[in-house]
Amino acid sequence: MSKGVQAAWTAAGLCLLLVLAGVTAAVSERIPDVGYLTRDTNAVAGVPWWAGVVSRLTNLAWAAAAALNLLSSRAALASLRRPLLLLGLLCAALALDDTMLVHEAVLPRLGVPEDLVLAVYAAAGLALFVGWFWSLRRTYVGAAFLAGAALLALSVAVDLVSSSLFLLEDGAKLAGVLAWCLCGVWAHSEASPTP
């Protein structure tokens with residue numbers, strides 16, 4: 001696909017997103033104006049710029065982890081390509097979920113329990129580990145994947161046990177996502193020829 005075609009598709013997608021935001025604001029009684037959909041959450045809520053900073057950094061890290069792993073899946077060693085692709089897709093799904101509060105606010109309103117969604121994510125991570133196990137052994141990529149999985153599991157466990165340990169829960173999540181960013185970085189560097 002040429003760069004011009006890619007740019008056209010990107011522009012079309014952006015226009016569609018803006019049209020959907022406008023239509024949503026027009027048909028919803030609970031949205032006073034389209035600015036509630038387009039402006040920064042802190043500006044709409046009237047809270048200081050630093051409110052939710054760890055959450056916003058985590059959302060950026062999810063996006064970075066998805067991009068790094070998806071891009072690295074094209075250049076990594078053959079044994080790592082499919083797992084990196086799957087990890088990138090999982091990170092993309094988690095980025096969307098964590099940013100839009102899908103498993104906490106959206107799906108429960110549709111009758112899907114939060115615990116079920118968390119179990120699906122855990123199963124996906126476990127399936128990725130099982131399928132990737134032999135490629136992961138004794139590599140930096142494997143260490144990053146396992147560290148990230150352990151930190152994310154800690155974050156979920158803290159969330160389920162106590163609703164007052166925000167720093168531990170959100171700090172472990174951010175550290176886990178950053179570890180998963182390293183999977184793509186290290187897989188790419190392993191595949192790159194050394195000078």
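**Exercise 1. In which sense, left-handed or right-handed, do helix 6 and helix 7 cross?**

Before solving this, note that the structure is a predicted model, in which local features need pLDDT of at least 70, side-chain atom pairs count only at pLDDT 80 or more, and totals for chains, interfaces and linings use all residues. Residues are numbered from 1 along each chain as its sequence is written, and side-chain values use heavy atoms, with hydrogens and water left out.

Solution. Begin by locating the two elements: helix 6 covers residues 102-109 and helix 7 covers residues 114-136, where helices are DSSP runs of H or I with at least four residues, strands are runs of E with at least two, and both are numbered from the N terminus. Next, take the axes, which are lines fitted to C-alpha atoms over the stretch in contact, with angles running from 0 to 180 degrees between N-to-C directions. The axes of helix 6 and helix 7 come within 9 Å and cross at roughly 125°. Angles under 35 degrees count as roughly parallel, over 145 as roughly antiparallel, 65 to 115 as roughly perpendicular and the rest as oblique, and helix 6 and helix 7 are therefore oblique to each other. Finally, a crossing is left-handed if the near helix is turned anticlockwise from the far one by less than a right angle, and right-handed if clockwise; the crossing of helix 6 and helix 7 is right-handed.

**Exercise 2. Describe the overall make-up of the protein chain.**

Solution. Start with the elements: the protein chain holds 9 helices and 0 strands, and its pattern along the sequence reads α-α-α-α-α-α-α-α-α. Then consider the extent, for which the C-alpha atoms fill a box of roughly 55 × 50 × 35 Å along the principal axes. Last, of the 195 residues in the protein chain, 28% are buried, where buried means under 20% relative accessible area, exposed means over 50%, and partly exposed lies in between (1.4 Å probe, protein chains only).

**Exercise 3. How does helix 5 pack against helix 7 and against helix 9?**

Solution. Two packed helices are described by the angle between their axes and the distance between the axes. For helix 5 and helix 7, the angle is about 165° and the axes lie 10 Å apart. That makes helix 5 roughly antiparallel to helix 7, and helix 5 passes helix 7 in a left-handed crossing. For helix 5 and helix 9, the angle is about 150° with the axes 11 Å apart. Helix 5 is thus roughly antiparallel to helix 9, and the crossing in which helix 5 passes helix 9 is left-handed.

**Exercise 4. Find the salt bridges, and state for each partner whether the residue is buried, exposed or partly exposed.**

Solution. Side chains of opposite charge can pair when their charged atoms come close. A salt bridge is counted when a side-chain nitrogen of Lys or Arg lies within 4 Å of a carboxyl oxygen of Asp or Glu, and the structure holds 2 of them.

- One joins the side chains of arginine 56 and aspartate 40, at 3.4 Å from N to O. This pair links distant parts of the chain, with arginine 56 in helix 4 and aspartate 40 in the loop between helix 2 (35-38) and helix 3, 16 residues apart. Arginine 56 is partly exposed at 33% relative accessible area, and aspartate 40 is partly exposed at 39%.
- Another joins aspartate 98 and lysine 173, whose closest N and O atoms are 3.0 Å apart. This pair also links distant parts of the chain, since aspartate 98 is in helix 5 and lysine 173 in helix 9 (residues 166-191), 75 residues apart. Aspartate 98 counts as buried because its relative accessibility is 14%, and lysine 173 is buried with a relative accessible area of 18%.

**Exercise 5. Where does leucine 101 lie, and what is its phi angle?**

Solution. Leucine 101 is found in the loop between helix 5 (78-100) and helix 6. Its phi is near 55°, a positive value in a residue other than glycine. As for its surroundings, leucine 101 counts as partly exposed because its relative accessibility is 40%.
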